[in-house]
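Good morning, and thank you for coming. I would like to take you through one structure, beginning with a surface and ending with a sheet.

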There are 2 protein chains.
Amino acid sequence: MKRVTLLDVARHAGVSRATASLVVRNSPLVSSATREAVEKAIAELGYVYNLGAARMRASRSQTVGVIIPNLTNPFFAVLLSGIESVLEKAGFAVILANSYDSPVKQDMFVGRAREHGVDGLIVCPAAGTEKRFIEDALKWGMPIIQTLRAVPGTVTDYSGMDQHDGMHEAVNCLYEFGHRKIGYIASTLYHSAHTERLAKFREAMSARGLEPLFVRHLESTHQAARMAVPEIMNQRIRPTALLCHNDVLALGLHRGLCDLGVMPGRDVSLIGFDNVAETDLVIPGLASVATEPFKVGESAANLFLRRIQQPDAEFLTKVEPTYFVQRGSCGPVRDFADA
Amino acid sequence: MKRVTLLDVARHAGVSRATASLVVRNSPLVSSATREAVEKAIAELGYVYNLGAARMRASRSQTVGVIIPNLTNPFFAVLLSGIESVLEKAGFAVILANSYDSPVKQDMFVGRAREHGVDGLIVCPAAGTEKRFIEDALKWGMPIIQTLRAVPGTVTDYSGMDQHDGMHEAVNCLYEFGHRKIGYIASTLYHSAHTERLAKFREAMSARGLEPLFVRHLESTHQAARMAVPEIMNQRIRPTALLCHNDVLALGLHRGLCDLGVMPGRDVSLIGFDNVAETDLVIPGLASVATEPFKVGESAANLFLRRIQQPDAEFLTKVEPTYFVQRGSCGPVRDFADA
DNA sequence: TGGCGCGTTTAGATCGATCTAAGTGTCAAA
DNA sequence: TTTGACACTTAGATCGATCTAAACGCGCCA
């Protein structure tokens, strides 16, 4: 039982290999009569196009390497979904890698992706990725799109989100509710999204003449956040509001606060980032800055398609807006001294 | 700027193409002296192995097509993670597809995967997948592993979970708490996991001499579940406990019940399935039957590796155990007639 | 000296497509 | 009748690796 090749198809249809090749590539150069004959032969023989062989000669592989730091984080899963949906429509296959935020794993995968002859890479760089990583790709002439995070000091196509509006709206809301003692809960992973969000926070605060009460770094899991609550709330100066780097941390804190009998929105205000589906699940609902990872993923994929078509086009940055979504976890300040 | 080929490497090292090929394939046939020379040449020229060309001759592509119904469901994202982690270690590249539970999309992807020359498929079949889908793959000699769901009437390697223990423990817990009027919330998607879980529920119920109070089908989203609560609770005979097909539904109901002022665990008992991270987030915590999607994914990938090595081995089924995790949402029955 | 075995190396065919450049046949214009 | 344009078709080289089968150098034994 041997594989059916284009030559078999050609013979069966009574044409040459070259003509059959033109048919499978939808070339306008063939007459409709021969096209039909070849297509009939293809169907009859159950021919399967061999992209591997085609790629070798034509050097286009119709595959893209996609590197995501952590698939189990729903936020990234949705990002990936957005990327996949666009590439799928464009006829590209997604070769996936989970970097676990490890630059070493990331390097390994890129090596493998090159062996597979991918047409390019879409990467959300692992925390701590070196500049060299991006520079190498550019040196090899490998199209590379960065998304959500960008390695500092590098210039490539980039798809991310504009944290400015959402963060300002969030801080503004807290300010209007009378909050002045606002703490920031960051994650322990260092990457550009982290840095940028924190910077936007400081900026929004100082625009209101405020200083952050503190910035605390926690491992980005529900559990770690939940556990950290007592320590956070029993500081010398107690915060009246907490703003978190993401919803994973915020939801963990939400639960931790409830454990202590401290009611989010009444006793302390809490705001997350990402507006994941679960924000609506807890009581009171978690106020959060909405970002649209699916759209960011789509943009990243579109930037990739653009770069494939115009390899020498100038680098582009696309950002999706963010906006604050108010829910019960954010409310007027309440001075504990009164109680 | 041309691509560096094995021939370039060979010339640079002063050996033949064939010898260089033996080196890159780690053949024991080459002397260590020539091996070193070739490896030096590879490093100096920055040679990148061309898997595409290799595959064509050797017909092993080191790629696997993985089809998942819905990436944005964290449960599947974790499954995918498990699959990826094993395949990555084994040197396989994952070509990913999101079927959105559409058999048509699924077919399209398989076509593309064949063109890419994947060595096999790992599939969680879309709801409504026809028998033909699996039979075709077998006919083509394409190794195929089914995971989590299996197309009825087909026999392949399969990695899933044993729903029996968890379901019996859950029903048992409800029974001990005095619940007799137990409703089941199913999803609107029909596939084997759905059917099997419902069957296990009926089985566990009748083992205790009970009949399900009702079986209600809902779209598997937080929102749909939340909205359905009033209707579910205002039936002629009010359920004292609800068991759900998955945690998405259960968490939606949890919130919907709270909206009505009906407290899970006190006024009505609620049990989910999957034990996702969010079960710990809501108050009271959501009791749930734990399943281990990461392990199921690992098993699926291992079954695949086994089949590649032994194409004619008998079909194997691997199941991960499930177990009930008790939390606050499940408590003693409370008769509303008393209130 | 010739023949044999052993470890290593190699030339040349091959995988299945695409590309190039040349070759059909047909028809209208010169 | 020749010419050229046009629409289509094709033989053969080619991509970059692997495979096969043969050859090489060397030592050993008859």
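Let us begin with the surface near DNA strand C, whose residues divide into 15 nonpolar, seven polar and six charged. Please keep in mind throughout that this is a predicted model.

How many residues surround DNA strand C? There are 28, and the closest are Leu6(A), Ser21(A), Arg25(A), Tyr47(A) and Arg57(B). Which part of the DNA do the protein atoms face, sugar and phosphate or bases? Of the atoms of DNA strand C within 4 Å of the protein, 69% belong to sugar or phosphate, and the rest belong to bases.

Three individual contacts illustrate both kinds. In the side chain of Arg25(A), an N or O atom is 2.5 Å from a phosphate oxygen of DNA strand C. Tyr47(A) also approaches a phosphate oxygen, with a polar side-chain atom at 2.6 Å. Arg57(A), by contrast, has a side-chain N or O atom 2.6 Å from a base oxygen of the strand. The elements giving two or more residues to this surface are helices H2 (17–24) and H4 (51–58) of chain A, together with helices H2 (17–24) and H4 (51–58) of chain B. Of these, H4(A) gives the most, with five residues.

Let us now turn to the relation between the two chains. Chain A superposes on chain B, with an RMSD of 0.2 Å, after a rotation of 180 degrees and a shift of 0.1 Å along the axis. The two copies are therefore related as by a two-fold rotation axis. Which residue of chain A comes closest to that axis? It is Ile95(A), whose C-alpha is at 2.3 Å. Both copies use the same surface, since 100% of the contact residues of chain A recur in chain B.

Finally, I come to the sheet. It is an open sheet of twelve strands with mixed pairing, in the order E11(A)-E5(A)-E4(A)-E3(A)-E1(A)-E2(A)-E2(B)-E1(B)-E3(B)-E4(B)-E5(B)-E11(B). Strand E11 (317–321) of chain A and strand E11 (317–321) of chain B stand at the edges; each has a single partner strand, so one side of each is left without a neighbour in the sheet. From one strand to the next, the twist averages 20 degrees.

Within chain A, strands E4 (residues 144–147) and E5 (residues 157–162) pair in the parallel sense over three bridges. There, Thr147(A) stands opposite Ser159(A) in E5(A). Helix H5 (residues 74–89) of chain B packs on the sheet, and the strands it touches include E2 (93–98) of chain A and E1 (63–68) of chain B. The direction of H5(B) makes about 170 degrees with that of E1(B).

Thank you for your attention.

Methods. Residues numbered from 1 in each chain as written. Chains lettered and ligands numbered in written order. Predicted model: local features only at pLDDT ≥ 70, side-chain atom pairs only at ≥ 80, totals over all residues. Heavy atoms only, no water. Near = heavy atom within 4 Å. Polar contact = N/O pair within 3.5 Å; in protein donor to acceptor, adjacent residues only side chain to side chain. Helix = DSSP H or I, 4+ residues; strand = E, 2+ residues; numbered from the N terminus. Nonpolar A, V, L, I, M, F, W, Y, C, P; charged D, E, K, R; others polar. Least-squares fit on C-alpha atoms with pLDDT ≥ 70 in both. Contact = heavy atoms within 4.5 Å. Pairing = 2+ DSSP bridges. Axes fitted to C-alpha atoms, helices over the stretch in contact; angles between N-to-C directions.
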